[in-house]
Amino acid sequence: LFSYAKKEGFAIPAVNVVGTDSINAVLEAASKVKSPVIVQFSNGGAGFYAGKGLKTSDAAVLGAISGANHVHTMAKAYGIPVILHTDHAAKKLLPWIDGLLDAGKEHFEKTKRPLFTSHMLDLSEESLEENIEICVEYFKKMNAIDMMIEIELGITGGEEDGVVGSGEVADPAECKQIADLGIDFLAAGIGNIHGKYPANWAGLNFEVLGKINEATGDMPLVLHGGSGIPDEMIKEAISLGVAKINVNTECQLVFADATRKYIEE
């Protein structure tokens, strides 16, 4: 699907969710435009899905599993293809991925289908060698149950789940090393930021993105921090190999505004 998107010049939206209401909103929107869509959980979002009152160490695991089962049930009713994905898992969040892989293996043995389509490991703060070593280890586990893996090079700016990114631009030569491993898709930092973009934002670095696209060949690229990027930049990024675009902040702000209006009325 990602390869097809890249070939045909479009990107699949990947929307972070935190509950049944946000999941259903994504499914409804995708159904209206007859489009495949990616529903994804961050660690914090999965914990919120489980309930803020649940203080156990596996709350985010349980929340993600519960959310995945909800998506499996409702996607059939909405009649659209859905990819289930987990967002940024830094090194300290690998136990969360371990718990989901255990649940995924059990689900696969029963159904012959994965619980989640893919997981993202974000080890961009670690050395390239450690990033590759850990990701390859997890890639083998995921591949055994028909899953894909997304990894990151360069560092997305801003903050997500308590992880603050410095905003480093990815090295095209390092991206080629990842592509040569056969990893499924790559999030490459090109000046993108989690959260709201500041007024003095310099924009996306298309020169670097072009070099990454050339170096990685057919590998689908991922653009994080999709909220607030101007449409023309989005189109340019897609033309340079981006096949998945993450959206979170934009949806949270709309939800918050709607809630305030409801309370005021």
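These legends go with a set of close-up views of a predicted model.

**View 1. Helix α4 from end to end.**
Helix α4 covers residues 59-78. Its 20 residues should span 28 Å at 1.5 Å a residue, and the C-alpha atoms at its two ends do lie 28 Å apart, so the expected and the modelled spans agree. Right after α4 comes Gly79, with a positive phi near 70°. If you are tracing the backbone, look for that glycine where the helix has ended.

**View 2. The buried side of α4 and what covers it.**
Many of the names to look for here are small residues: Ala59, Ala60, Gly63, Ala64, Gly67, Ala68 and Ala75 are among the buried residues of α4. Val61, His70 and Val71 are buried in this helix too. Which elements cover these residues? The cover includes two strands, β2 (37-41) and β3 (82-86), along with the helices α2 (20-33), α3 (43-50) and α5 (94-111).

**View 3. Val61, a buried residue of α4.**
Val61 sits in helix α4. Its relative accessibility is 13%, and because buried means under 20%, Val61 counts as buried. Leaving aside residues up to four places away in sequence, Val61 touches Trp96, Gly99 and Leu100. For a sense of scale, pick out Leu253 as well: Val61 and Leu253 are 192 residues apart in sequence, and their C-alpha atoms are 26 Å apart in space.

**View 4. Ile65 and its contacts.**
Ile65 is another residue of helix α4. Setting aside residues up to four places away in sequence, Ile65 touches Leu100, Ala103 and Leu115. Gly104 makes a handy landmark in this view: 39 residues separate Ile65 from Gly104 in sequence, while 8.8 Å separates them in space, C-alpha to C-alpha.

**View 5. Where α4 crosses α5.**
The axes of these two helices come within 9 Å and cross at roughly 40°. How are α4 and α5 set to each other? They are oblique, because the angle falls outside the ranges for roughly parallel (under 35 degrees), roughly perpendicular (65 to 115) and roughly antiparallel (over 145). The crossing of α4 and α5 is right-handed. On the α4 side, the contact is made by Ala60, Val61, Ala64, Ile65 and His72; on the α5 side, Trp96, Gly99, Leu100, Ala103 and His107 meet them. By class, this contact has seven nonpolar residues, three polar ones and no charged ones.

**View 6. Helix α5 and its surroundings.**
Helix α5 has 18 residues and reaches 25 Å from its first C-alpha to its last, close to the 26 Å expected at 1.5 Å a residue. Its buried residues are Leu94, Trp96, Ile97, Leu100, Leu101, Ala103, Gly104, His107 and Phe108. The elements that cover them include α3, α4 and α6 (128-144), together with the strands β2, β3 and β4 (118-121). Just after the helix, look for Lys112, which takes a positive phi of about 65°.

**View 7. Helix α3 set across α4.**
Here α3 and α4 pack at an angle of about 80°, with their axes 7 Å apart. That angle makes α3 roughly perpendicular to α4. From α3, the residues Asn43, Ala46, Gly47, Tyr49 and Ala50 take part; from α4, they meet Ala59, Ala60, Gly63, Ala64, Ser66, Gly67 and His70. This contact divides into six nonpolar and six polar residues, with no charged ones. Within α3, Asn43, Gly45, Ala46, Gly47 and Tyr49 are buried. These buried residues pack against α2, β2, α4 and α5. Gly51 follows α3 and has a positive phi near 115°.

**View 8. The pair α7 and α8.**
The final view moves to helix α7 (residues 172-181) and helix α8 (residues 206-216), whose axes come within 8 Å and cross at roughly 30°. The two helices are therefore roughly parallel to each other, and their crossing is right-handed. Pro172, Cys175, Lys176 and Ala179 in α7 meet Val208, Lys211, Ile212, Ala215 and Thr216 in α8. By class, the contact has six nonpolar residues, one polar and two charged.

Technical notes. Residues numbered from 1 in each chain as written. Predicted model: local features only at pLDDT ≥ 70, side-chain atom pairs only at ≥ 80, totals over all residues. Heavy atoms only, no water. Helix = DSSP H or I, 4+ residues; strand = E, 2+ residues; numbered from the N terminus. Expected span 1.5 Å × (residues − 1). Buried < 20%, exposed > 50% of the residue type's maximum accessible area, 1.4 Å probe, protein only. Contact = heavy atoms within 4.5 Å. Axes fitted to C-alpha atoms, helices over the stretch in contact; angles between N-to-C directions. Left-handed = near helix turned anticlockwise from the far one by under 90°. Nonpolar A, V, L, I, M, F, W, Y, C, P; charged D, E, K, R; others polar.
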